[in-house]
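Subject: A structure for you to explore

Hello,

Here is the structure I promised to pass on to you. Please open it beside this email, and then read on for a tour of what turned up.

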Amino acid sequence: MIRTARWYIVLALLVFSIQTFAGFKDYQMIYEDKEFLMEGVFQVLAADLDGDSGDELLVAGKNYIGRELFVYLLAAKDDFKPSVQWQSPNLFEERSVIWITSGKFNDLGKVLLVMTNTRFYLYRMEGERLTLVGDYHHQLEPLGVVAEDIDGDGWDELLVNRIGDVTSKMYQCYVQVWKLTENGWQAAAKSGLLGNIRGMAVGDMDGDGIAEIFVEEGLRAESGTVHMLRYKDGKFSEVAKVKNEIKGAAYGMKVKSFPEGVRLMTASHRGKVNFFAYENGKLLRDPVELSFNSELADCDALDLDGDGDLEIALIGYPRRLMILNR
Ligand SMILES: [Ca+2]
Ligand SMILES: [Ca+2]
Ligand SMILES: [Ca+2]
Ligand SMILES: [Ca+2]
């Protein structure tokens, strides 16, 4: 009897230690679709649009032949297989791709922001659907958009990656900050030229309640540099950077709160997923690198099954969706 009890204790300790040491290396593909929804899927976004503290899953992409640009809100519960819960109208525009982010820009609350070359749209979640609550013209010629509260005033700023200069070798990009005011959208500030920006993310890495800004830049598709920036009094300053630590261009970047702590997650066109922590003023790369035989275009993470740990969603070129779980 005592012997059996001892075995139970040993077993319990074993299970406990396995759970304790489950790390990024334990992520495994649990769902995959190589022909997901559209001819080109550009972006995946996890955002809590209905305020229930669980993120919703969204993707944006294009059908070239049908001349269609769509955003989809997906539902994926117990079996991790995403199904379409809502589809945007066709937002097609000549020569335009489509970008999505989410933010709390004014008292409308958290909204989905969808941008094309000349327009952007705000959608609010009402029940199971998204409803258009704003529609604007713009001339931003964006290369990417993200949103978060980077100055601590309680409202999210919109950050747009724009081309500042074109040399024979590369684009020189900068980040422009926009605020939604009573008089509409106003440009608040811009960074200096930061290089050929391929990935951008925002999130509070040091836990002070204000989001830091991350840009990844480099030549063509070669390995590049990740810059961690802080925004204060209308100016950007560099907090930390890491060079050549990611294999290939990191087009996908997100700041996420894993059980291990807050991490910058990157996804590169050479199929690598990496995680960076911010400690003692430095960005430190986790030794674990996940590898996929796909050019990764974007990544995000959210708790799909409600177990308190994050699933990772990856987009592979041109239309592959992968869900990882551990
Ligand atoms: Ca939610
Ligand atoms: Ca703000
Ligand atoms: Ca911070
Ligand atoms: Ca989970």
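Let's start with one pair of residues: Trp-178 has Ala-187, a residue of strand E13, standing opposite. Please keep in mind throughout that this is a predicted model.

The strand pair around that spot is E12, residues 171–181, and E13; they run antiparallel and are joined by six bridges. Both belong to an open sheet of four strands, ordered E10-E11-E12-E13, with antiparallel pairing. Which strands stand at the edges of this sheet? They are E10 (144–148) and E13 (184–190), and each has a single partner strand, so one side of each has no neighbour in the sheet. On average, neighbouring strands here are turned by 35° against each other, ignoring direction. As background, the strands of a sheet pair through backbone hydrogen bonds, and the pairing can be parallel or antiparallel.

**A second sheet**

Now look at the strands in the order E6-E7-E8-E9, which form an open sheet of four with antiparallel pairing. E6 (99–104) and E9 (129–137) are at the edges; each has a single partner strand, so one side of each is left without a neighbour in the sheet. The average turn between neighbouring strands of this sheet is 25°, again with direction ignored.

Strand E7 is a good place to pause, and you can follow its pairing on either side. With E6, the pairing is antiparallel over six bridges, and Thr-101 has Leu-113 of E7 as its bridge partner. E6 and E7 form a hairpin with five residues between them, and Gly-109 in the turn has a positive phi of about 85°.

With E8 (residues 119–126), E7 (residues 110–115) pairs in the antiparallel sense over four bridges. Here Val-114 is matched with Tyr-121 in E8, while Leu-112 has Tyr-123 in E8 as its bridge partner. This pair is also a hairpin, with three residues joining E7 to E8.

Is E7 largely enclosed or largely open? Five of its six residues are buried, so E7 is largely enclosed by the rest of the structure.

**Stepping back to the whole chain**

How many helices and strands does the chain have? There is one helix, and there are 25 strands. The C-alpha atoms fill a box of roughly 75 × 40 × 40 Å along the principal axes. For 326 residues, a compact globule would have a radius of gyration near 20 Å, and the chain agrees with this at 20 Å. Buried residues make up 40% of the 326 residues. Of the contacts with a separation of 6 or more, 44% are between residues 24 or more positions apart.

**One buried residue in detail**

Ile-315 lies in strand E24, which covers residues 311–316. Why does Ile-315 count as buried? It has 28 C-beta neighbours inside 10 Å, and 20 or more is enough for a residue to be called buried. Leaving out residues up to four places away in sequence, Ile-315 touches Val-41, Gln-43, Val-44, Leu-296, Ala-297, Asp-298, Arg-320 and Leu-321. Leu-159 is 156 residues away from Ile-315 along the chain, and the C-alpha atoms of the two are separated by 22 Å.

**Some backbone details to look up**

A general point helps here: most peptide bonds are trans, and most residues other than glycine have a negative phi. Which residues are joined by a cis peptide bond? Tyr-317 and Pro-318 are joined in this way, with omega at about -5°. Pro-318 is in the loop between E24 and strand E25 (320–325).

Two residues are worth finding for their phi angles. Phe-80 is not a glycine, yet it has a positive phi of about 65°. You will find Phe-80 in the loop between strand E4 (68–75) and strand E5 (83–87). Phe-80 is partly exposed, with 16 other C-beta atoms within 10 Å.

Asn-280, also not a glycine, has a positive phi of about 50°. Its place is the loop between strand E20 (272–279) and strand E21 (282–285). Asn-280 has 6 C-beta neighbours inside 10 Å, so it counts as exposed.

Happy exploring, and do write back with any questions.

Best wishes

Notes: Residues numbered from 1 in each chain as written. Chains lettered and ligands numbered in written order. Predicted model: local features only at pLDDT ≥ 70, side-chain atom pairs only at ≥ 80, totals over all residues. Helix = DSSP H or I, 4+ residues; strand = E, 2+ residues; numbered from the N terminus. Buried ≥ 20, exposed ≤ 12 C-beta atoms within 10 Å, placed from the backbone. Contact = placed C-beta atoms within 7 Å. Rg over C-alpha atoms; globule rule 2.2 N^0.38 Å. Pairing = 2+ DSSP bridges. Axes fitted to C-alpha atoms, helices over the stretch in contact; angles between N-to-C directions.
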